[in-house]
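Grab a coffee and open the viewer. Here are a few exercises to work through, each with a solution.

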Amino acid sequence: MTPIRIFQVDAFTEQPFAGNPAAVCLLNEEREENWMQLVAAEMNLSETAFVMPRSIGYKLRWFTPKAEVELCGHATLASAHVLWEEGLVDRDLDINFSTKSGTLYCKRQQTDIELNFPATLATEITPPASLLQALGLSKAEFVGDTKYDKLVVVTTEREVRSLKPDFTSLAKLPARGVIVSSTSQDPKVDFISRFFAPAVGINEDPVTGSAHCCLGPYWAKRLNKRILVAYQASERGGTLGVSVADDRVLLSGRAVTVLRGELTGV
């Protein structure tokens, strides 16, 4: 059986052991969903991406250790990075990924990789008491519902950084995850965030590209800026460029490969 190449890439960082790690599995043929879920559980990272060539572009799917997800930013960035770095796609060519969230576009911008994703708008809702209680918050400036997640905006960066959520309670909420955000104290950064998704097996994600498909439009409107700099304040942390263009969000960042290997006998 031909070994299957697999990589571990740290995304939204240029330094190894920072940003958000993702596994990237290069397939030559379709594999069963159950097999992909087992591989993702074995990798035990927030996301494992499965990439397979098509007549035009590539097919891309993402799995956490517990479930498939419809959209993932850092593992898309990691996948594009691997295809260019391994010489499977010419560095001057863009990459199109066919996914459950439609076609996603990736291009190289000097040292960064730019992801072209659909915007995910947040609709304001009355804050469920269980949500704020699970986060340990007494109030919020804004609470919104998106296609995937809940968005909670608070007043200060300190509130975001000091959160100690009740993950068992958060996992019961009807959402993939919960984004908590505020403006940044750093003049070089427009807003910060953290992302919690215990319902899909990730208590806290280090850097979440897909969350910024919601955060970008929210902060662009509130700050009256189309081009923003974001920082996700997890333990590993990561910086993203965020640009809003109509119904699309452009996310930019860097990536570094930290491991190359093969899946054998599977």
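The exercises below look at a strand, a loop residue, two backbone angles and two pockets.

This is a predicted model, where local features need pLDDT of at least 70, side-chain atom pairs count only at pLDDT 80 or more, and totals for chains, interfaces and linings use all residues. Residues are numbered from 1 along each chain as its sequence is written, and side-chain values use heavy atoms, with hydrogens and water left out.

**Exercise 1. Work out which strands pair with S13 (191-197), and in which sense.**

Step 1: Get the terms straight. Strands are DSSP runs of E with at least two residues, helices are runs of H or I with at least four, and both are numbered from the N terminus. Two strands pair if DSSP finds at least two bridges between them.

Step 2: Take S12. It runs antiparallel to S13, with six bridges, and Val180 has Arg194 as its bridge partner in S13.

Step 3: Now S15. Here the pairing with S13 is parallel, over three bridges; Phe191 is partnered by Ala230.

Step 4: Finish with S14 (residues 202-205), which is antiparallel to S13 through two bridges. Phe195 sits opposite Asp205. These two strands make a hairpin with four residues between them, and Gly201 in the turn has a positive phi of about 90°.

Step 5: Check the covering. Seven of the seven residues of S13 are buried (under 20% relative accessible area; over 50% is exposed and in between is partly exposed, using a 1.4 Å probe and protein chains only). Phe191, Ser193, Phe195 and Ala197 point one way, while Ile192, Arg194 and Phe196 point the other.

**Exercise 2. Find what the side chain of Asp190 reaches.**

Step 1: Locate Asp190 in the loop between S12 (177-183) and S13. Its relative accessible area is 16%, so Asp190 counts as buried.

Step 2: Look for polar contacts (N or O atoms within 3.5 Å; within protein, one must be able to donate a hydrogen and the other to accept it, and residues adjacent in sequence count only if both atoms are side-chain atoms). The side chains of Asp190 and Lys225 are joined by one of 2.6 Å. The Asp190 side chain also reaches the backbone nitrogen of Val229 at 2.8 Å.

Step 3: Widen the view to contacts (heavy atoms within 4.5 Å). Leaving out residues up to four places away in sequence, Asp190 touches residues including Thr183, Leu223 and Ile227.

**Exercise 3. Phe12 and Asn224 have positive phi without being glycine. Is each one buried or exposed?**

Step 1: Phe12 has a phi of about 60° and lies in the loop between S1 and S2 (20-26). At 3% relative accessible area, Phe12 is buried.

Step 2: Asn224, with phi near 55°, is in the loop between H6 (212-223) and S15 (227-232). Asn224 is exposed, at 71% relative accessibility.

**Exercise 4. Describe the lining of the largest pocket and of the second largest pocket.**

Step 1: For the lining classes, Ala, Val, Leu, Ile, Met, Phe, Trp, Tyr, Cys and Pro count as nonpolar, Asp, Glu, Lys and Arg as charged, and the others, Gly among them, as polar.

Step 2: The residues lining the largest pocket are four nonpolar, eight polar and four charged. S16 (238-245) and S17 (248-253) each supply at least two of them, and S16 gives the most, with four.

Step 3: For the second largest pocket, the lining is nine nonpolar, one polar and one charged. S1 (4-11) and S3 (47-53) each supply at least two residues.

Step 4: Recall what a pocket is here: on a 1 Å grid over the protein atoms alone, an open set of points where a 1.4 Å probe fits, with protein on both sides within 12 Å along at least five of seven lines; lining residues have an atom within 4 Å of a point.
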